[in-house]
Every structure is written in structure tokens, then in C-alpha cells.
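Biologist: Could you take me through the strand pairing in one part of this structure, slowly enough that I can follow each step on the screen? I would also like to know how far the prediction can be trusted.

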Amino acid sequence: MQRREALKSMLGLSAAATALSPFPALANLASANEDIMAQFATSFDKATHSNPNLIGLKSMSGDMPWQSLTVEGKLPKALRGSFYRNGPAVHQRNGQRYTHLFEGDGMVQHFNFADTGIQHRAKFVKTNKYKQEQAADKFLFSGPNSKLPGSLPVNKTDIINSANTNIIPVNGELWALWEAGSATALDASSLDAKGLVNLGENTRYGNSLKGLAFSAHPKIEADGTIWNFGSTINGDIVLYHLNNRGVTQKVNLLKTNYRGGMLHDFLITQKNILIILPSLDRDKADERLFSAIRFNKTLPMKVLVIDKNTLTLTREYLLDAGFAFHFGNAWEDTDGTIRFDASLYPDCENLHHMSDLMRGKTSDATPANTVLYTLYKNGSTNKQIIPGISEFPRVYEHLTGLRNELLVTLSSIQSDVWSDSVRVINVNNGKQDTFVYGEEFLVEEHLIVDYTQQEGNGYLVGTALHVPSKRTCVNIFKVGHVSDGPVCRAWLPTALPLGFHGNFLAAN
Amino acid sequence: MNILKLSALSLSCFILPISAQTVQFNIEGIQHDKGKLYIQLFKGENNFKKGEAHNVAIVNAKQGQVTVTFNDVEPGDYAIRYFHDENSNQGFDNNMFGMPIEGYGFSNNAPVNFGPPSYQQMTFMVSNVAVINSSTVNY
């Protein structure tokens with residue numbers, strides 16, 4: 001390239017800086033006179049006096065060293081390894097509070113299941129943001145949804161990467177995931193941060209993937225192959241194919257017109273990737289990432305079917321308007337019919353409910369149901385609604401992208417605040433096997449641990465916060481006998497902040 | 001006039017118009033010595049938006065600080081933008097989403113905060129005294 005061309009390439013500088021995707025331009029937020037974050041802190045602190053359930057949204061002040069937990073029942077001999085969870089654990093500093101549950105710094109909860117019992121430790125993901133703000137003992141940066149008066153400049157999304165949504169084992173490391181930016185690699189032994197993952201490094205993609213969004217819901221096939229996507233506020237969607245060592249094999253960029261600003265999860269089948277665009281718009285006058293999102297009931301959900309070999313769009317389906325954070329699984333019949341499940345909301349009020357919670361306010365957001373979708377080759381579609389509230393769906397790991405019969409979800413039977421139950425649904429006959437923790441518990445994601453690769457075998461593992469005693473417990477169920485209750489439960493002496501997603505890494 | 005001559009122009013001494021001034025621009029926080037810095041001086045917002053530079057400079061990168069001086073700058077409002085071509089491919093590299101992956105910055109150290117600064121944030125006036133302006137590289 002000639003130097004003239006080099007200088008021409010600067011023409012893109014201003015425009016390029018605009019593409020600090022996936023965020024909208026929040027440039028004016030730092031000059032806002034109102035300290036909304038201080039108002040949220042005041043409101044939340046006041047609400048904690050009357051609503052004990054808010055204990056799950058308090059902040060942690062630092063790491064937690066190893067401690068042995070008090071075990072009830074017997075830890076199954078077949079269950080040895082590490083149960084990792086990730087979630088936001090600093091919501092508030094120095095009298096200022098984030099305005100959305102998705103913004104806080106990620107903390108990894110590590111439960112070790114061993115012959116000697118169950119131990120726990122927790123460590124914040126030591127991102128640059130966390131380290132700077134922890135040292136300053138105050139927030140220094142605006143969040144995606146929160147205006148911080150006097151924020152330090154945010155010139156790339158990874159500046160405020162909180163690594164707070166999921167954690168997966170990859171090639172001997174752990175990757176802490178945040179959907180708007182890079183994965184953060186952690187040392188699997190110490191949980192110390194090793195740095196941001198540059199997915200193009202040592203591949204033909206070089207630095208062209210540096211800083212790209214890598215969603216918190218990668219799909220990992222039985223052989224370890226990793227599929228994922230990342231999206232921007234402008235509707236650009238990048239698709240990733242990584243091998244089982246986390247090395248990028250193929251990447252492609254899809255230009256879509258999706259303007260909803262929120263794309264959290266996706267699906268794979270044996271042959272295809274499914275990107276489901278929910279019925280969302282943005283209020284262009286609102287520069288906050290989450291609060292600007294509006295449900296548009298006139299906008300159909302759109303399913304993009306993408307060939308896994310080429311990472312190119314091959315088909316589209318339109319579905320009734322809806323919104324989902326999470327999907328359990330998808331698979332494809334031999335005739336090309338695609339089936340998948342969604343924890344489907346009739347609107348996006350639940351997204352805003354998670355902002356209300358941050359100021360201590362509970363609302364009546366309509367919960368999600370499990371909906372089973374069928375997409376036929378001729379373009380027609382069908383859906384079946386499974387009764388009961390549904391969130392955090394999981395399936396057997398070896399069936400990711402393949403036909404599953406069992407689907408695990410959280411549910412809520414008694415509580416109108418948070419999940420209070422876990423259940424196993426047979427998607428073929430609709431039968432449900434449910435355990436109700438009760439309204440005194442705030443129940444978090446439960447996942448399946450099974451070494452036999454046989455549905456019905458193995459264990460469910462998940463955490464729950466017992467509000468009256470202010471303690472978190474980890475619970476183990478036999479998959480085939482969930483309603484019998486946990487076969488083992490281990491208590492921490494204190495409450496952990498409510499988290500999002502996790503995975504189990506079997507001991508060698 | 002080609003770019004190299006234009007670059008040399010910025011480093012030369014000329015008989016200046018009575019009102020012309022020098023603009024000294026300090027680029028700070030340069031992370032390493034590799035590559036070059038490409039710097040553009042724009043006169044007025046229209047030229048900035050069109051990408052039509054009044055003058056340019058290309059200098060070797062040096063860890064820490066580099067200073068360039070634009071001579072013969074007539075009165076008016078100006079802005080500067082630059083990038084650090086770290087891998088010497090003579091281009092400003094972006095990732096697949098169009099986000100910069102090489103260092104860059106603007107006059108007045110105009111902040112990049114969830115988006116680029118406005119022209120108003122980076123503009124400075126040249127009148128009858130020499131101008132000194134600074135910026136720290138955004139990496």
C-alpha cells in the first residue's frame with residue numbers, strides 16, 4: 001500500500017471509532033448532570049431493609065479463599081471435578097450503583113468435588129477494569145447501561161469488559177465470557193487472569209478478530225468443537241468455528257438489519273447454526289444499551305439458518321413476535337426439519353425488570369415458557385408451549401446440536417421474585433419431574449453432569465441462595481429422580497451474589 | 001504534490017506570510033518504536049469531514065513522545081488526527097467490526113468515549129501566536 005493509501009485509510013478513523021460496537025454512542029453520558037448511579041444506590045440500600053431477597057444483589061468486597069463446606073447427604077462417588085460458575089459480583093462502589101444486573105464485575109465461583117468433600121473458593125476475574133476500580137475504591141468507567149459522571153474514556157469495548165456471564169474450559173485454561181467483547185483467559189489452577197483472548201492470533205486472521213464480541217453462550221460439541229457468534233449494535237454478526245483446542249478455524253461476518261441491540265444466545269444443529277433475532281427495537285433517543293430496548297410486537301422473530309461449513313446464510317424463517325435470552329438445544333431431522341426450544345417471553349419486560357431490581361424494585365414482568373419450535377423445509381413453522389415458567393435451559397452436553405429428549409430448566413412455582421424450582425422436561429411427552437426448593441430460595445442455573453452419555457443418567461448440579469439463613473448451597477440431584485430432592489447439599493456459611501452460567505470440568 | 005513532498009514541507013523552513021504560525025503537536029504515550037506515525041492537519045470542519053488534509057507528516061515511532069511541527073499555518077480553526085502504523089503495513093488496521101486495533105488520537109487529546117470525539121472537541125485556533133497542542137495515543 002502506498003503512503004497515500006495509508007493516509008486515505010485514516011478517513012475511516014472517525015467512522016471506525018464510531019463502531020465501538022456493540023454499544024451505542026454514549027459520549028454524552030459522561031457529561032450528564034444527574035448521577036443516576038447514586039440514585040440507584042440510595043434506592044437499593046433503602047429497599048434492602050424491607051426486601052430480604054435483595055441479598056443476592058449485594059456486592060462482594062474481595063476474593064474468597066478455599067473453605068470446606070458443610071455437607072448434607074453423600075457426595076456421589078461418580079461426581080469428582082470442578083463446578084465453575086460466573087456472575088456479576090460488584091454492583092456498587094462508593095455510593096454509586098450500576099443500573100442493570102448485567103454490568104457488574106465477574107466473579108468465578110469454584111466448587112471442588114473431591115473424596116475429601118466439597119470445597120469452595122471464589123475469585124474476581126482480574127480484568128484491567130476491575131483492578132483499576134478496586135484500587136480506586138470507586139467506579140472509574142461508565143457501564144453499557146450506566147452513566148458515570150466524569151467517566152474515564154472508553155475507547156474500546158474491552159476497556160469495560162467485566163467478564164461476568166459464563167465460564168468454559170478450553171484447552172487447559174478457563175475462559176470467562178462477556179458477550180460484548182473478548183473472552184478473558186484464566187489459569188485453571190489459580191483462576192488468575194492471563195489476559196484477553198485474541199482469537200486470530202497464530203491464525204490467518206491475525207489481529208482482525210482482536211476485540212470482537214465473542215458471546216457468552218458458545219456451543220460445544222461432543223468432540224470439543226466450539227461454535228459461537230458475536231454481535232454489534234449495528235446488526236453485524238460474526239460467526240466463529242474453533243477447534244477443540246480453542247484455535248480459530250473459520251470466521252465469517254453476516255450483515256443483518258437487526259437493530260434490537262441484544263442477542264444473547266444461539267443454537268447449532270448437526271449441519272447448521274441458528275441465529276434467532278428477537279422482536280426488539282431500540283429507542284434511538286435513549287443511549288443506554290439495555291434500557292433503550294423496546295419490544296415490537298409487529299416485528300416477527302427471525303431465524304437465520306447458517307451453513308456450518310461455509311458460515312453463510314442459507315435460509316430464513318419468520319416466527320410470531322417474541323423474545324428469548326436462552327435456548328436449550330436444536331437438532332435436525334433427516335428430512336431437514338429443524339427443531340429447537342426457547343425460554344420464550346411475550347415481551348422484553350424481564351430485561352427491564354433486571355434494571356428495576358438494581359434499585360431494589362420488583363416488578364410484574366411476565367415470565368418465560370418453554371416453547372418447542374419446528375421449522376419445516378417448506379418454510380412453514382409450528383410451536384408447542386410447555387406449561388410452567390422456564391429459564392436457564394440446559395441439555396446433556398454430548399447432545400449439543402443433536403436430538404435430545406430431556407431438557408432441564410429452572411422454574412418458579414411459589415415465588416414471584418426469582419426461580420424457586422428445577423425441573424426435567426421430557427420434550428417428547430411433556431412429562432415434568434420438578435423439585436420445588438420453595439420461596440425461601442433463589443435458585444440458580446442447574447446443569448447436567450454425566451459420564452455415560454445416556455439421557456436419564458448422571459446428576460443435576462446447581463446452586464441456590466437460602467434467604468432466611470443468608471447462605472448459598474450447592475445441590476446435587478439424580479437426573480431421573482429430581483422430585484425426590486437433592487441427594488447431596490453443601491452449605492457455604494455466607495450468601496454468594498446471584499450469578500448466571502457455569503460448567504463442570506470432570507477430574508482427570 | 002505527492003505525500004512525501006507534503007511531508008517534507010512540514011519539516012522545512014519557508015518565508016512565512018506575516019500572519020502564518022507554527023503548530024507544534026506532541027504525541028505522548030507511544031508504546032513502542034515500531035512503525036510510523038501518520039499525522040494529518042485539517043483546516044476547518046468541512047475539510048475534516050471530507051478527509052482533505054491541509055498538511056500531513058509521517059515520522060518514525062518512538063516509545064514515549066514524538067513531536068511534529070507544522071510550519072506555515074495560516075489563521076483559522078484546525079484539527080489533527082493521527083494513527084500509529086504499528087506493523088508498518090502503511091495502513092490503519094481495524095478488526096472485522098471496524099474497530100481500530102492500532103493506536104490513534106486527536107488534537108486537544110479529545111477523548112474517545114463510546115464513540116469518536118466531535119470536531120468541536122478537537123479543534124484549535126491558529127492566530128498570531130505559535131500553537132502547542134498534545135495528545136495521548138489511544139491503543
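Modeller: What follows is a close look at the strands of chain A, then a helix, and then chain B with its confidence values.

The model is a predicted one, and for the complex the predictor gives an ipTM of 0.74 and a pTM of 0.90.

I would start at strand E9 of chain A, residues 173–177, where 4 of the 5 residues are buried, so that E9(A) is largely enclosed by the rest of the structure. On one hand E9(A) is joined by 5 bridges to strand E8 (residues 166–170) of chain A, the two running antiparallel, and within this pair Ile168(A) stands opposite Trp175(A). The hairpin of E8(A) and E9(A) has 2 residues between the strands, and in it Asn171(A) takes a positive phi near 50°. E9(A) also pairs in the antiparallel sense with strand E10 (residues 184–187) of chain A, over 4 bridges, and here the bridge partner of Trp175(A) is Ala185(A). The hairpin that E9(A) and E10(A) form has 6 residues between its strands. Trp175(A) is therefore a useful residue to select on the screen, because it stands opposite Ile168(A) of E8(A) and has Ala185(A) as its bridge partner in E10(A), within a strand of which 4 of the 5 residues are buried.

Earlier in the chain, strand E7 (residues 117–124) of chain A can be read in a similar way. Strand E1 (residues 64–68) of chain A pairs with E7(A) in the antiparallel sense over 3 bridges, with Ala122(A) as the bridge partner of Met64(A). Strand E6 (residues 105–114) of chain A is also antiparallel to E7(A), and their pairing extends over 8 bridges, one position being marked by Asn112(A), which stands opposite Gln119(A). E6(A) and E7(A) form a hairpin, with 2 residues between them.

Two open sheets of chain A come next. One has 5 strands in the order E2-E33-E32-E31-E30, with antiparallel pairing. Strand E2 (70–73) and strand E30 (441–449) stand at its edges with a single partner strand each, so one side of each is left without a neighbour in the sheet. Neighbouring strands of this sheet are turned by 20° against each other on average, direction ignored. Inside the sheet, strand E32 (residues 471–478) and strand E33 (residues 488–491) of chain A pair over 4 bridges in the antiparallel sense, and Val474(A) has Ala490(A) in E33(A) as its bridge partner.

The other open sheet has 4 strands, ordered E22-E23-E24-E25 in chain A, again with antiparallel pairing. Its edge strands are E22 (323–332) and E25 (381–389), each of which pairs on one side only. Between them, strand E23 (residues 338–345) and strand E24 (residues 369–375) of chain A run antiparallel and are joined by 7 bridges, with Val371(A) in E24(A) as the bridge partner of Ala342(A).

For a helix that meets strands, I would turn to helix H3 (residues 36–47) of chain A, whose 12 residues reach 16 Å from the first C-alpha to the last, close to the 16 Å expected at 1.5 Å a residue. Met37(A), Phe40(A), Ala41(A) and Phe44(A) are buried in H3(A). Seen down the axis of H3(A), its buried residues fall within an arc of 100°, so they line one face of the helix. What they pack against is strand E4 (92–93) and strand E5 (96–97) of chain A.

Chain B has 3 helices and 8 strands, and 43% of its 139 residues count as buried. In the loop between strand E7 (124–126) and strand E8 (131–136) of chain B lies Asn128(B), which counts as exposed because it has 9 C-beta neighbours inside 10 Å. Leaving aside neighbours within four places in sequence, Asn128(B) is in contact with Ser19(B) and Gln21(B).

As for trust, the mean pLDDT of chain B is 88, with 87% of its residues at 70 or more. Among the elements of chain B, E8(B) has the highest mean pLDDT (98), and helix H1 (residues 3–11) the lowest (39). Over residues 1–16 of chain B pLDDT stays under 50. Where pLDDT is low, the predicted coordinates should not be read in detail.

Terms used: Residues are numbered from 1 along each chain as its sequence is written. Chains are lettered from A and ligands numbered from 1 in the order in which they are written. This is a predicted model: local features need pLDDT of at least 70, side-chain atom pairs count only at pLDDT 80 or more; totals for chains, interfaces and linings use all residues. Two strands pair if DSSP finds at least two bridges between them. Axes are lines fitted to C-alpha atoms, for helices over the stretch in contact, and angles run from 0 to 180 degrees between N-to-C directions. A residue is buried if 20 or more other C-beta atoms lie within 10 Å of its own, exposed if 12 or fewer, and partly exposed in between; C-beta atoms are placed from the backbone. Two residues are in contact if their C-beta atoms, placed from the backbone, lie within 7 Å. pLDDT is the predictor's confidence in each residue, from 0 to 100. The expected span of a helix is 1.5 Å times one less than its number of residues. The arc is that of the directions from the helix axis to the C-beta atoms.
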